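I opened this entry to look up how the strands are arranged and what packs against them. The notes follow the order in which I checked things.

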Amino acid sequence: MVFTLDASSLSQWQSCKRKYVINRDYVPRKWRPKNLLAKCLREAIFQISNGADAVKAADDARVAFLRIANEPGLDYPDYDTYQISKDMCAVMDVVIRCISKLVLLAVEEADDIMVSGDVIWKTLCWQDESGLLHRWVFLDKPDNDKIITEGHSWYVAGDIMLSRLPMTLHVVDIGRMRQGRFRSPWTTAYVLSMLPNTDYHFLSPRGEELKGKWNPKYLSDQAAYADYDEWADRIHHEGMAMRLIQHIPVKCPEISACNETDRMVVNEAHDMRDAILAWNKYPMNRGSCDLYSACPHQNLCYSVLPVNIASSSLYIPRKTDSVLA
Ligand code: SF4
């Protein structure tokens, strides 16, 4: 039997076997806001890379986001998810318009790789006509450490080494949740505190950050008067947009490293294929429960009583082609 794995499933398997076994058949019904934001942005960038109109792509992304945010909903307990949705939709409206101003190569889903006679690696990145791979990621203040972590992940290193192709990693500084709001540099401009009705700006004429007498003005707080085209034009022309996107070339390592990666992936794939079905037979990997963010399965693992996932309203059966963002 041929077994298919990808960067997402392999990462889950290696972080916690329970998590992998649960995710193989079920996904949490509600979406983490940042995962949904990344999914909608990637879909829009794929469209505009292939010639779609930016405003239409942004409108589609907004509709897709709000539809999911409404039902099944966002997993962000104790906060106003309607407000978070408004904040994130404003971010998408600006980011998609600004990315459409870049020179984007037409892309398609990269080919899957037959790693051995019984193992297929499903690539999750895109590929342009020259063969170069592309992956877009959305991070909060992406410094060297975060970019290196991303580069070492199966999503980047795995797709590169199994495909034997280089990649351009596109990194977007997207912002973060803060006190129940999603604050992003894409939707935060500045106005003079003593003249609040004058023009907003993102950088000084000399390209410096605006501080001191400058107060923040948030796009999603501009109610029905928000002009996304003007906002995107200004953040682009003042040079702020270019500071928020990095395009990082990542080479393919030597063939010996790629061959060794093939061997590791095949070994892991065989263990994943043979994984037992009962998720709670695997020991908890507590080091992963709160790594970066709380694992969505804590409701299961930390429950006092055994939980039957199939009858839990918190989960839905996974579609065979669905991958968490
Ligand atoms: S809550 Fe912890 S033990 Fe349970 S699946 Fe998540 S990481 Fe694994």
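Before counting pairings I fixed the term: two strands pair if DSSP finds at least two bridges between them. The model I am reading is a predicted one.

**Entry 1, overall.** I started with the inventory, and the secondary structure comes to 11 helices and 14 strands. I then looked up the extent of the C-alpha trace, which spans about 65 × 50 × 35 Å along its principal axes. For 325 residues a compact globule would have a radius of gyration near 20 Å, and the 21 Å of this protein agrees with that. I noted that 32% of the 325 residues count as buried. Of the contacts with a separation of 6 or more, 72% come from residues 24 or more positions apart.

**Entry 2, the five-stranded sheet.** I read the strand order of this open sheet as E3-E6-E7-E8-E13, with mixed pairing. Which strands stand at the edges? They are E3 (107–109) and E13 (245–250); each has a single partner strand, so one side of each is left without a neighbour in the sheet. I also took down the twist: neighbouring strands of this sheet are turned by 30° against each other on average, direction ignored.

**Entry 3, pairings around E8.** I checked E8 (residues 167–173) against both of its partners. With E7 the pairing is parallel, over seven bridges. With E13 the pairing is antiparallel, over six bridges. I followed Thr-168 to both sides: His-134 stands opposite Thr-168 of E8, and Pro-249 in E13 is a bridge partner of Thr-168. For Leu-169 I found Ile-248 as the bridge partner in E13. As a reminder to myself, side chains in a regular strand alternate between the two faces of the sheet.

**Entry 4, helices on this sheet.** I looked up what packs on the five strands. Helix H3 (residues 33–49) touches E3, E6 (126–128) and E7 (133–139). The direction of H3 makes about 140° with that of E7. Helix H7 (residues 154–163) lies across E7, E8 and E13. I noted an angle of about 175° between H7 and E7.

**Entry 5, Arg-32.** I placed Arg-32 in the loop between strand E2 (26–28) and H3. Is Arg-32 buried or exposed? It is partly exposed, because 17 other C-beta atoms lie within 10 Å, and a residue needs 20 or more to be buried and 12 or fewer to be exposed. I also looked up its separation from Cys-252: the two are 220 residues apart in sequence, and their C-alpha atoms are 32 Å apart in space.

**Entry 6, the three-stranded sheet.** I found an open sheet of three strands in the order E1-E5-E4, with mixed pairing. E1 (3–6) and E4 (113–116) stand at its edges with a single partner strand each, so one side of each has no neighbour in the sheet. Neighbouring strands here are turned by 35° against each other on average, direction ignored. I checked E1 against E5 (residues 119–122) and recorded parallel pairing over four bridges. Within that pair I noted Val-119 in E5 as the bridge partner of Phe-3.

Notes: Residues are numbered from 1 along each chain as its sequence is written. This is a predicted model: local features need pLDDT of at least 70, side-chain atom pairs count only at pLDDT 80 or more; totals for chains, interfaces and linings use all residues. Axes are lines fitted to C-alpha atoms, for helices over the stretch in contact, and angles run from 0 to 180 degrees between N-to-C directions. Two residues are in contact if their C-beta atoms, placed from the backbone, lie within 7 Å. The radius of gyration is taken over C-alpha atoms; the globule rule is 2.2 Å times the number of residues to the power 0.38.
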